[in-house]
Amino acid sequence: MAKSNPLQWLNVMLSEPFYLFHSFLFFSYLVVRQWATEFLSPQLSSHLLHREIQAILALFTLATVKLIKAETWEAFIADTFLYAKGFLIMVALVLDYHLAYWYLLGLSVVSILTRQPAFSGLGNSTRLTPLQLEVLLTEGNTSRFWLVEFRTLWSSKCIRTSRILADLSITYSNNSLSFGMVDLGLFPNAAEKFGISLVTHGQLPTYILFDKAIEIARYPEVDFESKASASTITKGLLARHFELDRRLIEYVSGN
């Protein structure tokens, strides 16, 4: 995963409702736990402490594995929050099933009303409208090739992969190859023009490589139903699929 500024993440945690409300619910357990201690029997207190230690160790283990395997910080945080919510409800169930019910309700409401923010950086990529993309492709005054990501911010998969294009653009962008991003959530009518379905599972995000105004490759491909939707999108996968290393070598060799 790419390095991230801790102060930047702290600012995001405090300013984004998704992180703020989830953190409030997680830390509220400490207050409830402290308040309930004086009412618990020694046996129940010992049992609860044992379960809490198990939950913390399990969460730490799963988070460590995800930290190693996750392609982006957004994917790591999404998975870690999911595990934390599950363990919170299980531990609360040991304390009192009414408490577990309220945590389940509260976490469900927060998950429905808030969305995890996507990566806001662009790297060397450009945020485009469909009209701007069409002008860039047809007029041909910029790069010959454009690798464009079509996404929506209501798709959790798009959020998990939101920094991949920016990272690729830093490595591979040059005078021959540029990178762009189109938010189909803002321009849903443009989806059909590019052969993308907003309702079919597995089609978001879609990456299309254009040679001027001609599409020469895309991921996932049109016949994606069998396996593409189950594939995890990574920088390596996209680099191989669109042959970005070869294109970069050819560009360097030509200069």
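Helices (H or I, at least four residues) and strands (E, at least two) are DSSP runs, numbered from the N terminus. Residues are numbered from 1 along each chain as its sequence is written. The model you are looking at is predicted, so a few ground rules apply: local features need pLDDT of at least 70, side-chain atom pairs count only at pLDDT 80 or more, totals for chains, interfaces and linings use all residues, and side-chain values use heavy atoms, with hydrogens and water left out.

**Exercise 1. Work out the strand order of the open sheet, and explain why β1 and β5 each have one side without a neighbour.**

Step 1. Apply the pairing rule: two strands pair if DSSP finds at least two bridges between them.

Step 2. Read off the order. Five strands give β1-β3-β2-β4-β5, an open sheet with mixed pairing.

Step 3. Look at the edges. β1 (126-128) and β5 (214-219) each have a single partner strand, so one side of each lacks a neighbour in the sheet.

Step 4. Add the twist: on average, neighbouring strands are turned by 30 degrees against each other, direction ignored. Axes here are lines fitted to C-alpha atoms, for helices over the stretch in contact, and angles run from 0 to 180 degrees between N-to-C directions.

**Exercise 2. Describe how β2 and β3 pair, and find the helix that lies across them.**

Step 1. Recall that strands of a sheet pair through backbone hydrogen bonds, either parallel or antiparallel.

Step 2. β2 (residues 145-151) and β3 (residues 177-183) take the parallel sense, over seven bridges. F150 stands opposite V182 in β3.

Step 3. Helix α8 (residues 164-172) lies across β2, β3 and β4 (206-211), and runs at about 165 degrees to β3. Contact means heavy atoms within 4.5 Å.

**Exercise 3. Locate the cis peptide bonds at P205 and P220 and the positive phi values of K212 and E243.**

Step 1. Keep the usual case in mind: most residues other than glycine have a negative phi, and most peptide bonds are trans.

Step 2. L204 and P205 are joined by a cis bond with omega about -5 degrees; P205 sits in the loop between β3 and β4. Another cis bond, omega about -5 degrees, joins Y219 and P220, with P220 in the loop between β5 and α9 (235-241).

Step 3. K212 has phi near 60 degrees and belongs to the loop between β4 and β5. For E243, phi is near 50 degrees, and its loop runs between α9 and α10 (244-254).

Step 4. Classify accessibility: buried means under 20% relative accessible area, exposed over 50%, partly exposed in between (1.4 Å probe, protein chains only). K212, at 43%, is partly exposed; E243, at 38%, is partly exposed.
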